[in-house]
Every structure is written in C-alpha cells, then in structure tokens.
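Welcome! Here is a short tour for anyone meeting this structure for the first time. Please have a look at it before reading on.

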Amino acid sequence: MSPAKAHVAFSVNAVSYEMDVEPSWTLLDVLRDRLDLRGTKRGCGRGECGACTVLLDGESVNACLVLAPEIDGREITTIEGVGKGGALHPLQKAFIEEGAIQCGYCTPGMVMQGLHLLARSPGADREQVLEEMSGNLCCCGGYHKIATAVARTAAEMRQERIMMIKEAVGRKNRKTGAGKGAARAQGRKR
Amino acid sequence: MTGDDDRGRKHTVIGSRTARVDASLKVTGGAIYGHDLVLPGMLHGRIVRSPVPHAILRSVDVSRARRVPGVVSVITGKDAACQPIGFLKDQPVLKADRVRCVRDEIAAVAAVTEEAAEEACRAIDVEYEPLPAVFDPFEAMKPEAPLLHQNAPRNRVPHYLEFKAGDAEKVLEKSEHVVEGSYRTPFTAPACPEPSFAAASFDSAGRLSLWASTQVPFYLRDVLSKCLGIPGYRIKVIQPSMGGAFGARLDVFPYEVIAALLARASGRPVTIAWSGQEEVECCATGQAVFVRLATGVSREGRLTARKCEVTLDAGAYTSWSVTQPQIMLMAVASLYRVENVAFRARSIYTNNPPSSAWTAYGNPPAVFAVEQQMDELARKLGMDPMTFRMLNANKPESTTPQKLRIRSCGLKQCIETAAHRVGIDRRKEKWEGVGLASAIHMGGGGRMFKSDGGGAVVKLSDYGKVSIITGAVEAGSGSTTALAMIAAEELGVPLEWVHVVAGDTDTAAWDAGSHSSRTTFVSGNAVLEACRKLKKQVVRHGAKLLGCAADDIEVKGGRVICRGDPSKSMALDRLVRAVHFTQGGEIFIESAFYDPPSEFPSRDMTGNLSATYTFTTHAVRLRVDPGTGRVRILKYVAVNDNGKVINRGGLAARVEGGIQQGLALALAQQLHRPGGEEEEGAASPRTTFRDYRVLTFRDSPEEIDVHFVETDDPVGPFGAKGAGETGCIPVAAAVANAIADAVGVRPRSLPITPDKVLALIRNRGGACS
Amino acid sequence: MQTQKRPARVYCSSLKPFEYFAPGSVSEALGILARFKGKARLVAGGTGLVVEMRARERAPEALVSLRCVKELGHAPALKGARIVISPTTTLSRVAASELLREKAPLLVAAALSIGTCQVRNRATIGGSVCRGRGRPPDIAPALIALGAALRVKDRRGERLVPAGDFFGDAGDPVRRGEAMIVQLQLAPQEEDERSCFRKQTACPGTDRGVASVAVRATLSRGVIARATVAAGGTSFTPARMKRAGETIEGSRGEMETLFKAAEVLADEVCAAGATRPAAGLARELLAACFIRAVKEVLA
C-alpha cells in the first residue's frame, strides 16, 4: 500500500490552492508540475545553485529542498508573481538595462534572491550583494552585471519596501511571535 | 548611444548599448527551456548507466523493470536497432556487448511518471565481467594496456594530425634562447546551467519531431536519419530556449537518439530531462590535454620557431575533441609571428568519459603553454612582457604559416592598452603579480565542416514587423540580438519592430551550427544580404508610390522618405499594405545564404579556416595568499578586437562571462572521475556542482574592465567579427603568468588550486608542480 | 575476471516514497520514532536530508516533521545564566537574533558560514548538528568553544549532553532516530571577550569546510589572558583543543608563538582521532585558519 497523501492549503502569488500531495514531492514539483508555473527552474537538485529560488513567507528558499507537505498554510511567491499587472519590477528593469541576462536560466532565481535581499537589507552595498547572492550560480559568468543590477536597485529602493513581502513577513511574525531580532533584520523604520 | 565607424557613416542601432531582445521574456520567467516543455501524453525517459569503467556485458535483465506499474517501454542495446554515432562512428547508442566508461548507456525506460521510470531503472539487473581499465593516455599507449577499440591498436585514435612549416628543429638549435616545457589541463565539464534535455515524438504518420538543446539542429537531423534509418525529410528538429551550451551541445549524444528510440518503442512522446547531478557527471567533457612545447627567440627578440606535441585524452569514444588540434595549431603557428613550426597531435582512447568540444575548442590549453613561454623568453631577453609581445604581434592583412589569412588585426593596440589599463608599471605589493596573455581566434566563421554557411530569410509584414528566420541557434550568447540589430540598422526600422523567429529545421534556412563564434559573422552577413534585397524592393515601390527617383529614396526611422522633398514620405507599414492589397501585388520576403571565403583545412592542417580573425589581450593583477594558497583577482582587464562592436552592452557581458568561466578553469575546475579518488578536502568522491567548483559571486574579480579596440573588418557585417568565445581563451595563461610573477615559480598544470600554489611557494627556486 | 552483479548507475530527481507525520508535540514525535524503530527520521528544514534522499544515500520509511511542534517554536532566550535555543531555529534566525549577536557572536559567525542564504533560511541548528558521523558539522567548534550542551530526549527521559560528546558516540541515538534534541544551551560570552570563527575551504567555489576553528579569548592589555580553542575538519571529530589554547595564553600573537601553537593544534587534532593524519594541504589550511582566527581576535 502506498503511503498516504498529505492535504495542504497554501497560496502562490496571492492565489489560494488546496490539494493532496505526495509527501515525497517537493515545492518545486508542485509549482512546475501541478500548477504549471515553470518560471522557477530545476537546477542541481542539491540546494547549491539557487535556480529554484522562491519566496516562502517572504524568505528565499530552494524549492527543490522543501517537501510538499511543509507548504501547508504558507505563502509562496514565484517569478511569475513579480511585477504588477504586466509592469516590470524595478529589479527586473535593472537586469535588462544592465545586461545581466545571458542564457537566462539562472535569472528567475537571481531575481527572487535579489528581492529577498532588497527586502531584508535595503541599504545593501555591492559587498553585501556579492555575499548574500552567493547561493545563486551563474554558469555563463554574469556575476558582475547581476551584482550591478541588484546593487543599483538597492540604492534606488533604499526607502521602499516590497509590499507583498512586507505583508507576508508581518503576518508570519504575528503568527510565530519572532522577536525584535527578526524585525531588525528586516530593517524596519525606527 | 551612437557609434561612428571610420567610414564616416553614423549608425543608429549598431554600436549602441541595447537591451537583449529576449531579456524581458527571460526576466519574467517566460522563456521556455527544454525542461519546461510539456507534450500531451508525454512519458518520462531515464537512462541506466554503467557503474564500472570497463567490462563485458554478460546479461541485461529487464524483466523486473517491465513489471513496474507505469512503465511503458524498456529498451536495451540488443533490441535497439540503430547505427553507432560519434566522429568515427565508434559509439553504440545503447551498449550491448561492452561498456568502456562509467556512465555508458546500457538501457533506457519510458514511464508515465519520473518516479516509475527511476524505480524501473533501479530494477534492471546487469551482469558485468570487469576488464582492466586505463585512465591515463600515456598508460593507454603502452603495449600491455587494455585495448578499447579493435581498429585502434595501442588505443591511438586513427586521426593523427601533423603540421610543418620551415624547419623548427634546426632553427631551435640555432636560436639565441629556447624555452621548453610540459603543460597539463584536466578533464572539465562545461557545467551548463540547464541540464541536458531531449524530447521525441512520432506523429501518427511516423514523422519524427525531436526537441533538443543542441547547437547543431541540422546535423542532429542528419545523424538521426542515418542512425534510425528514417528519411531526412521525415525528421524535424526544434530548439527551445537554451540554457547555455559552451560546446557541450555541439555533437549528437546517445541520450538524444535514446529519446527517439523510446518514443518509437512506446508510441508516445518521450522526454529525457537530466538532473543537475547527471549533467555534471555525464555531459560531454572538455578533454584532458598534455602539451609539450619549445619556443625559440633570436637575440633581437623575434620569435624563431615553435615545436609542439599534443596528446589528447579522447575518452572512451570519439567526438569533436579529436579535431581540436586544428584550433590548437592556431595558438602555436599563428599567435604572434613565427615562421618555423612543427606540430603533432594524437588522441588516445582511455576509459575516461568521452570528450567533445569545450569553449574555444582547444585554444585555451594551447595558449596556456604558448603565452607562459612568451613570458619566460621575455625574461631571458631582459625585455618587459608587453614590449616583447608587441614586437612579435601579428599585422593586419598578413598570412600565417598555417595559411590563416588575417584581415583586420588590432593585436598591437590590444597588448598596449591591456598593459596600461592594468597598470603594468605600477608598484606591486608583496605577493602581487601582473600577467599578460593574448589569443587569436576565429572571427569569420570556422570551417570545421565542409560548409560553413548559414542562411537567413527576412520578411517584412504589413505592420512593419521584420521577421528574421535563420538556422542560427542561440545558446544564450546574445547573437540573436546582434542579428536583430543588423536588420534594424539596414532596414532603418526601430529595433522593437524586429523579431527573430525561433525556427526549426523545417522552417529555418540551413546553418552549419552555433560554434566557433560564427553566428554574428555568418548569419549576420546572411541577414544583411537578405535585408539589402528587401530594401531594394522597398525602394523600388517607394519611388513609385512617392513619385520620385529610386536614387532619391531613403529608408529610415520606419519610413520611406524622398531626400529631395522630405514632405514626400510614407510609413513603411503603409507601403507594404499598399503593395499587398493591389492587383498583381507582391510580398516582401527575401533570403540569402552566406558561406564565408574560407577553406576547409587540408590533410597537412593548412588552410584559411575562417574569413577573418579576432584578437584579444588580457591583463590581470592578482594577489596570492601565502598562508592558504588562495588567489584574489584584484583587477582583470580584457581588451578585444572583435571588429565593429554591434551590441556594446551584450558583448561586454559575454566577454565578462568568458572571463569568469576562464577563471574557473584556471583556479578551480577539474572533473573527478565518478567513483574516482577522494581529493583532500572533498567530503565525497561524487561530483556535485559545488565540488565541481563553479565559481560564485564571492569569487568574482574585484574589478573587471572590458575594452574594445574597434577595427573595421572588410568582411564582417558592418565590420563586425565573431565574438562569443574570446572572453575565456587567454585567462588561464594570464593568471599563470601573474602567479609566476608574484611567486617566482610557474604553474604548469591546471587548475591552479591552493595546494598547487602552496607547493609553488615552497619550491621556489626548485621544481614546479 | 569473474562476472559480477552491480547496481546500475541511475540518476534520480524523485525521492523514494515515505510516510509523513506532523505531530503536535515532542512526546507524539518520540512515539512515532519509537514505532518505526530507527527507520524514521525527524525533519525540520530538510536541506540536508532531502539532498541525501535524492541521491539515494538515505531512504527513511517515515519522516516526522517538527513544524507543528509548538514547544519547539520559541526564539533564542536568556534563561538564568544560560542561553537556550530551540533546535528548530533556522540558521538565518540564529544569525539575526539580537540576543545571540550580542551574547554569542561566535555562534552567529559559525551559522553564517554554512551553506547559502536560501539554505540558511530553512536549515535549522538542530538539523545541522545531526549530520552523520562522517560529516562533522561546521558549526561544531563554535558550540564546543561556547561550552554548549544539548538536551536530548527519548521515551525514557531527558539528559544533557555536552556538545563535544554529542559529536562523538553520545550523539548516536539521535543520529539513529531513537532520540531527539529538544534544546541547545550555552553560556553567554563575556562582555570583554573577543572571539573569532573561521572556516577554511579547500578551493574557491565550494563551501565544504576543510577546517574550521573557533577561538575565544580575554585580553589584558593586549596580552591573551585566557583562551579557548576548538577545531573541526573533514577528517577528525570536532573537539576542544586545550593545549593549543594554552600555547597562545600569555602571548601578544607573535608569529613564532602562533606557528608553534599551530603545530600543537595539528598534533592535538591527530590525537582527537583524525581518520587521516593532518598532513599536506589539510594541515596547512588548518594552520592558516587558526593563525588568522587568533590574529583577528587580537586585532
């Protein structure tokens, strides 16, 4: 007899879903094969390349390592949910203008990790960008321009927040009671 | 931003910093790569591979696999009817009698789910009779070594290459200074970000469609036809967006044919999508190369001769690597001016994974040897590295001993500019070093097949949309954007109106493939020619419709304008509509085929295999950490002569990309044999991305400076030359020269890992690694 | 040569199916573990486990998720003289915790050296100390240097295991799926203390640590008055390196002393049961790592 499925209720890009999932599936499988959201890419399968990066309750994670049952009650944001009503997010615009896209396979993961960084460390300088994006590999060697795109957007968005992420994180904080430490990491205005 | 060429013509689009035409699709997750493809009713294919490097296959039992629920078909070497593949047709697609390397394909399964396919694969029982295996080409050449292929005694691949110009042996003896050395580069994996993929589907009439991430769709179609015994006109190859290729997709590989075999056996579409792990361990490798080189120089500092012997590890079966010596010869006979050259290359079969093409096709390991010896000779002469190189630099409109016909050449400027931009005269801190290295590469196509041509069809629609349909593949390098810019420039339309259609082998004009940095040059010229024909047609109709002479007509800004009386003008789309919607009207579609003026190399390796050549000089300033052996790149300068630069931003990005890839090869990358020895510091002998050492953001140089010396090439479209590969060729050599400068001892093998650097420091004044 | 059967090489993207539980309490979790007699595994972030399962190095029959266990959901807190940390605290929350940044900067530095940002957002401190015996966790030297202890619970009861012992035999029941960590505790670092955690990798492009060193010291007018050194690496069990610490006490970090201390460290590592003698590159990297850690402490 095969193991029982798990029942999960979750949202992706502000759309709610409820379904039965195999425990042995991952979030990446659910996104790509169940929801047909194929913008999130399959890379190394070991959490080393970052191609499958999505936001889980506002935090960047490797979707290939999140077991499907674990997404119950969570909010997920993927590349398809970035930008509003067809308009590009400033980070996406920066990627295009800075020439930070070559084959494009790492790009969705880079954008999601970039968004995480912009929300957590809005004043990030280039050093910080290099450090915090080091979980995303670009085999075409586009690091230089990608870092420029992210650092430029960070500078532009110093005072801004990404609404989706802020709200999601706020909800999570209220849920778990995570303390001041977490708030400081988000760089909330004092 | 506009750019002027020295013909005094101002370009509107060419030379500007333009966003790539595919950028907005990719940045929103909308680009469809092979792994994203969904075909109705598709099955998942998985391959069963040998865990041993050399063995006789006694039995392959698939009975348990067939009983796994969800499995539709299982095939093995015995029942798969197909011809062998490979450069010398020495590789069976599915191995029936013998396996010759770890990862050899033994069987394949197609099932309804990935899980079922994987479970079935694990249920296939194989009995092996292990044979002795050999992993070093020099060992493989010994009489007692195990023989891999019957027709290759002593495991020498029957494709031996030799070149002679002048009398290198004699001239070296008489030269004032001679430097000799041996150099090694290891097996590497191109590590494409997108793992390999192929999907096959037979329609109800038995016609095959194959989706593949391939650099050579037309060649793939030909091989499939011969291999499967299907007439070529019943096969179509389609490329989705590609996540990088770097030479790993230049040949036809077993998994592509296996997808078709599984589709045929199951009667349903089958997709084979590798995992990242499979990609690193099973992709086409860059081969291990052993170079022995001697270079001589006269008292005045002129190069006199080079003598070179290359041994390549072909791996278990032949692919393109055995032809790479033709390009390695470029570095030996044509980089800088030297009259006497002796060159020999041999490829040897071993039980290592088969090696194929890797970026720049053998040029990097050759330059690694050649450019280090340039520094050593400069030192013997008491000359500085920059002056010595400039003294021997190639000149425009010259011919090399290999009969390469150089047209435009900015090498001298590249050397000088690179040296100055890196601050070669600036004071160095302790453990800091500066190194230079140049390269010559094909810039006007690369005649590695009998034809080096490429076709283009250009259509102008009644909305002014320009559709370009070429056979030119883009693997991510940005050549598509360059083609669009060429069309926009020639037809005088905004770039936004131009659309490069992702074609397939049914609709696209024939093209030899994406390699040798040929796309911008070859397809660019084809596109340019087709656009010129279109423009003539537009001008003819414009003259009629506006009532002025054809000579008076200007096409720009998306409009047709009468030069003499600018009030007489018409929007281009209106013109097209007018011509469509009329009795006896016309459509605006033109085609062109461009085959560059070059030669297929003859048996003695001479021949102008490209229509023109690109040059580049890299200069690097780095610091060595004597405690850990780590190397920190402080400043990396690359000065490039790629002719006229078409997309300034895009080309800079590609060169930077090449530099990062070159640095990975120089400092970190080597492929461990799956199941091979554990390396100190590695937690597991299996190779993963991290273990494979793809560099990260943190390993980026502190400063990268990419600069262009724009020569105006007489043969290239708008004066442009090819560009995709030049970024990585001289990197290892420049880094080695800089490390030698910092430490005082030369690294002679790649990668220059921390343990090697520490060994160099310890052995200063003595032996090298 | 003789004919042999060998399992074929198959690359899997999928995981072997398993049963999944999300208990609401520690005792429920322990009950499930007991029921499966060692064939079940706890999962928190899953970043280590899923990789091993995908590579078919592990195939548990059941996974017991800790995401619903409320008892384990608390933030790092000061309880009397000790800091207590829930094992399901993610490494990024460890690094972001104001309390830990102030009172256990060594642990924060160690947490930040692991994996990538994305991995740290899921990987937990409990999960990271439970790696197999052949894979000593990078974070270990920091825990040892901080005098950390792990509260380990099974159906019979609870006990406190010092970190150093946990990385040896005492941690086996947890690794075997027979017990679980319910709390980590450590002493806050002194106000005037300096510390440094350093991890050395073999090569650029990998985060696999060859050696990691944690150094704590109190200085008195530029002289090291008291020092604690702990080290870990791929070939030996992480442990406190007493003699190395003693060697640097009383010095101002003169190169001679540092080199001598590095030698002592290498010998101590051998004595700690190095599976390979600390030689060649590993020895040099350990030495460089240690010397730089001490230098940073003195800076």
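Of the 299 residues in chain C, 58% are buried, where buried means that 20 or more other C-beta atoms, placed from the backbone, lie within 10 Å of a residue's own (12 or fewer would make it exposed, anything in between partly exposed). This is a predicted model, in which local features need pLDDT of at least 70 and side-chain atom pairs count only at pLDDT 80 or more, while totals for chains, interfaces and linings use all residues. Residues are numbered from 1 along each chain as its sequence is written, and chains are lettered from A and ligands numbered from 1 in the order in which they are written.

**Chain C as a whole**

- Chain C holds 13 helices and 13 strands; helices (H or I, at least four residues) and strands (E, at least two) are DSSP runs, numbered from the N terminus.
- Along the principal axes, the C-alpha atoms of chain C fill a box of roughly 65 × 60 × 35 Å.
- The radius of gyration of chain C is 20 Å, which agrees with the value near 19 Å for a compact globule of 299 residues; this radius is taken over C-alpha atoms, and the globule rule is 2.2 Å times the number of residues to the power 0.38.
- Among contacts in chain C with a separation of 6 or more, 63% are between residues 24 or more positions apart; two residues are in contact if their C-beta atoms, placed from the backbone, lie within 7 Å.

**Chain A and one of its helices**

- Chain A has 7 helices and 5 strands, and its pattern along the sequence reads β-β-α-β-β-β-α-α-α-α-α-α.
- In chain A, 61% of the 190 residues count as buried.
- Helix H3 (residues 107-120) of chain A has 14 residues and spans 20 Å from its first C-alpha to its last, close to the 20 Å expected at 1.5 Å a residue; the expected span is 1.5 Å times one less than the number of residues.
- H3(A) is mostly covered, with 14 of its 14 residues buried.

**Where the chains meet**

- Chain A gives 40 residues and chain B gives 49 residues to their contact.
- On the chain A side, helix H2 (90-98), H3, helix H4 (126-132) and helix H5 (143-156) each supply at least two residues.
- By class, that side of chain A has 19 nonpolar, 13 polar and 8 charged residues; Ala, Val, Leu, Ile, Met, Phe, Trp, Tyr, Cys and Pro count as nonpolar, Asp, Glu, Lys and Arg as charged, and the others, Gly among them, as polar.
- Chain C touches chain B too, with 31 residues of chain C in contact with 47 residues of chain B.
- Strand E1 (4-6) and helix H13 (280-298) of chain C are the elements that give two or more residues to this side, and H13(C) provides the largest share, 7 residues.
- The side of chain C that touches chain B divides into 15 nonpolar, 9 polar and 7 charged residues.
- Strand E8 (residues 125-130) of chain B pairs with E1(C) in the antiparallel sense over 3 bridges, and Tyr128(B) has Gln4(C) as its bridge partner; two strands pair if DSSP finds at least two bridges between them.

**A sheet in chain B**

- Four strands of chain B form an open sheet with mixed pairing, in the order E23-E22-E21-E27.
- Strands E23 (498-501) and E27 (588-594) of chain B stand at the edges with a single partner strand each, so one side of each has no neighbour in the sheet.
- Neighbouring strands of this sheet are turned by 20 degrees against each other on average, direction ignored.
- Helix H14 (residues 519-546) of chain B packs on the sheet, touching strand E21 (454-460), E22 and E27, and its direction makes about 145 degrees with that of E27(B); axes are lines fitted to C-alpha atoms, for helices over the stretch in contact, and angles run from 0 to 180 degrees between N-to-C directions.
- Strand E22 (residues 466-470) of chain B runs parallel to E23(B), joined by 4 bridges.
- Ile468(B) stands opposite Val500(B), and Val466(B) has Val498(B) as its bridge partner.
- Which residues of E23(B) point to one face and are buried? They are Val498(B) and Val500(B), while His499(B) and Val501(B) point to the other face and are not buried.

**A closer look at Ile106(B)**

- Ile106(B) lies in strand E7 (residues 105-111) of chain B and is buried, with 24 other C-beta atoms within 10 Å.
- Leaving out residues up to four places away in sequence, the residues that Ile106(B) touches include Val48(B), Leu57(B), Val126(B) and Ala8(C).
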